[in-house]
Amino acid sequence: MAEPITLDNEAAMARLRAGLAHRGLAEVEPGPIADEPSPDEPGHPEYHRRRRAEWALKRWTTATPPRYRRADAEHPDVAAWADRVADDPESAGSILLTGTTGTGKTHQAYGALRRIAAAGPHVYEIRAITAADMYGLLRPKGSDRGAEEELRRLTRVPLLLLDDLGSAKASEWTEEVTYRLINERYNACRPSIYTSNLPADSRDEHGQRHGPDLITALGERIVSRLAEDTQVVAMTGHDRRRGVKP
Ligand SMILES: Nc1ncnc2c1ncn2[C@@H]1O[C@H](COP(=O)(O)OP(=O)(O)OP(=O)(O)O)[C@@H](O)[C@H]1O
Ligand SMILES: [Mg+2]
């Protein structure tokens, strides 16, 4: 029986080289082995980004009411903000969507959260709540966890949607908790999406107010805090709930 060729057998290796040379293959140097993972394989960044996106989109679906589960951030400013958050949440700042009822603010807001999820971010923890529900939660006996713990959670969540700001009846207390939330998120550079039926500031160049605005509803302090890192996007158009344009 022929002696098996083993790699540590010098004579066998020499015979092998001679055989290869005879066939004109001696000059062929072994090239790098194609063992780099493809985008469909673990180890490739794109593979892991897609897995993160799948997980985040599931998380988004759970957090989103059925009405908004097909929401897309079609508004270019909203889409651009979502891309900035996906890219670098700390520098993205916040966004405030204003506009009359039914113009699609909540739809765009959930659309933005979805777009961020689809980008496959490393962290995707979100909370979506209306301002009215938030005040309910923060009232004495509003939650088993206690108001301070609830406020802490809202402050700490990496991405917050606070819907319908300024629509609940205002008081010194609502102003105080809203200020604390917005201010603490601002200090920690955590992005938020706010929506409101009210314009941020209805004053004209003479300081004349034209109807209610966020300053009258929430107080000057909150609006001036928002002004520091919050992009205002005014949604226009008809009430989509009525279906037809007026
Ligand atoms: N771009 C869109 N494409 C399809 N449907 C939309 C779009 N924008 C909004 N809608 C639908 O129109 C209705 C009103 O939209 P939405 O609830 O976002 O309005 P809103 O501005 O938040 O209103 P409100 O001020 O009363 O809270 C919803 O049923 C929503 O699903
Ligand atoms: Mg809404």
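These legends describe close-up views of a predicted model.

**View 1. Five strands build an open sheet.** The strand order is 2-3-4-1-5, and the pairing is parallel. Strand 2 (126-130) and strand 5 (230-234) stand at the edges. Each has a single partner strand, so one side of each lacks a neighbour in the sheet. On average, neighbouring strands are turned by 15 degrees against each other, direction ignored.

**View 2. Strand 1 pairs with strand 5.** Strand 1 covers residues 94-98. Five bridges join strand 1 to strand 5 in the parallel sense. One residue pair can be picked out here: Thr 98 has Ala 234 of strand 5 as its bridge partner. Helix 6 also packs on the sheet, where it touches strand 2 and strand 3 (159-163). The direction of helix 6 makes about 95 degrees with that of strand 2.

**View 3. Helix 6 packs against helix 7.** Helix 6 spans residues 131-138, and helix 7 spans residues 147-156. The angle is about 145 degrees, and the axes lie 8 Å apart. Helix 6 contributes Met 134, Leu 137 and Leu 138 to the contact. Helix 7 contributes Ala 147, Glu 150, Leu 151 and Leu 154. By class, the contact has six nonpolar residues, one charged residue and no polar residues.

**View 4. Ligand 1 is surrounded by 14 residues.** The closest are Tyr 68, Glu 74, Thr 101, Lys 105 and Asn 197. A polar side-chain atom of Glu 74 lies 2.7 Å from a ligand nitrogen. For Arg 240, a polar side-chain atom lies 3.4 Å from a nitrogen atom of ligand 1. Arg 67 places a polar side-chain atom 3.4 Å from a ligand oxygen. Taken alone, ligand 1 exposes 630 Å², and the protein buries 81% of that.

Note on methods:
Residues numbered from 1 in each chain as written. Chains lettered and ligands numbered in written order. Predicted model: local features only at pLDDT ≥ 70, side-chain atom pairs only at ≥ 80, totals over all residues. Heavy atoms only, no water. Axes fitted to C-alpha atoms, helices over the stretch in contact; angles between N-to-C directions. Helix = DSSP H or I, 4+ residues; strand = E, 2+ residues; numbered from the N terminus. Contact = heavy atoms within 4.5 Å. Nonpolar A, V, L, I, M, F, W, Y, C, P; charged D, E, K, R; others polar. Near = heavy atom within 4 Å. Polar contact = N/O pair within 3.5 Å; in protein donor to acceptor, adjacent residues only side chain to side chain. Areas by Shrake-Rupley, 256 points an atom, 1.4 Å probe, with all protein chains shown as cover. Pairing = 2+ DSSP bridges.
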